[in-house]
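Open the model in your viewer and keep the selection panel handy. We will walk from helix to helix, with something to pick at each stop.

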Amino acid sequence: MSDTAAGPVSKRVFIDKQSPKAYHALTETAEAVRAVAADAGLDRTLVELINLRVSQVNGCAYCLNVHTRAALRAGETTQRLGVLAAWRDTELFTARERAALALAEAATEPANAAIQESAYDAARQALTDDEISAAIWVAITINAFNRVSIMSKHPVRVLPQQ
């Protein structure tokens with residue numbers, strides 16, 4: 001990267017802009033997954049918690065920025081958002097939310113079979129089959145968006161004070 005008067009210049013290709021047909025297919029998948037989640041009874045705050053937790057694990061600044069604002073709009077509290085990275089160490093999340101977060105982490109780092117089985121066992125206790133499927137689909141979809149943004153180095157722009 002080199003600097004200009006306007007700031008750093010990225011040498012990355014914004015793959016969403018370079019290959020719009022592929023990106024459009026991904027956004028259509030996201031729309032279908034949102035509908036599946038709603039039909040399964042996953043409320044918007046839980047979907048955003050999954051989006052945020054996966055984005056934390058992946059280190060996707062752009063998606064963290066987008067989904068923090070979405071979570072707040074959906075009614076999530078700043079307290080719960082502030083401790084989301086340590087959700088296992090607090091009582092602020094319900095058994096259902098904890099099960100969905102564990103599944104999301106397992107879907108994000110699927111190579112550890114023991115963690116995957118543990119997450120699935122917890123999900124079986126707290127979630128229906130439809131909720132399990134929806135939570136996993138939400139995690140899979142945000143993982144894909146994380147990779148688009150990370151590989152493109154999508155910038156996080158400063159927002160005006162609200």
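One thing before we start: this is a predicted model.

**Stop 1: α3 on its own**

Select residues 44-58, which make up helix α3. For its 15 residues, 1.5 Å a residue gives an expected span of 21 Å, and the end C-alpha atoms are indeed 21 Å apart, so the two agree.

Is α3 mostly covered or not? Twelve of its 15 residues are buried, so "mostly covered" it is. Color the buried set: Thr45, Leu46, Val47, Glu48, Leu49, Ile50, Asn51, Leu52, Arg53, Val54, Ser55 and Asn58. To see what does the covering, show α2 (20-40), α4, α5 (78-83), α6 (95-108) and α8 (129-152), which are among the elements over these residues.

Now step just past the end of the helix. Gly59 follows α3, and its phi is positive, near 70 degrees.

**Stop 2: α3 against α4**

Add residues 61-73, helix α4. The two helices pack at about 160 degrees, with axes 9 Å apart. α3 and α4 are therefore roughly antiparallel, and α3 passes α4 in a left-handed crossing.

Turn on side chains for the contact. From α3 come Glu48, Asn51, Leu52, Ser55 and Gln56; from α4 come Cys63, Leu64, His67, Thr68, Ala70 and Ala71. By class, this contact holds five nonpolar, five polar and one charged residue. As you look along the helices, remember that an α-helix has 3.6 residues a turn, so residues three or four places apart point the same way.

**Stop 3: α2 against α8**

Hide α4 and bring up α2 and α8. These helices pack at about 155 degrees, and their axes are 9 Å apart. That makes α2 roughly antiparallel to α8, and their crossing is left-handed.

Which residues of α2 and α8 meet? Select Tyr23, Leu26, Thr27, Thr29, Ala30, Val33, Val36, Ala37 and Ala40 in α2, then Asp130, Glu131, Ala134, Trp137, Val138, Thr141, Ala144, Phe145 and Val148 in α8. This contact has 13 nonpolar, three polar and two charged residues.

**Stop 4: α6**

Finish at α6. Its 14 residues should span 20 Å at 1.5 Å a residue, and its end C-alpha atoms agree at 20 Å apart. α6 is mostly covered, with ten of its 14 residues buried. Highlight Glu97, Ala99, Ala100, Leu101, Ala102, Leu103, Ala104, Glu105, Ala106 and Thr108 to see them. Their cover includes α3, α5, α7 (113-126) and α8.

Terms used
Residues are numbered from 1 along each chain as its sequence is written. This is a predicted model: local features need pLDDT of at least 70, side-chain atom pairs count only at pLDDT 80 or more; totals for chains, interfaces and linings use all residues. Side-chain values use heavy atoms; hydrogens and water are left out. Axes are lines fitted to C-alpha atoms, for helices over the stretch in contact, and angles run from 0 to 180 degrees between N-to-C directions. Helices (H or I, at least four residues) and strands (E, at least two) are DSSP runs, numbered from the N terminus. Angles under 35 degrees count as roughly parallel, over 145 as roughly antiparallel, 65 to 115 as roughly perpendicular and the rest as oblique. A crossing is left-handed if the near helix is turned anticlockwise from the far one by less than a right angle, and right-handed if clockwise. Contact means heavy atoms within 4.5 Å. Ala, Val, Leu, Ile, Met, Phe, Trp, Tyr, Cys and Pro count as nonpolar, Asp, Glu, Lys and Arg as charged, and the others, Gly among them, as polar. The expected span of a helix is 1.5 Å times one less than its number of residues. Buried means under 20% relative accessible area, exposed over 50%, partly exposed in between (1.4 Å probe, protein chains only).
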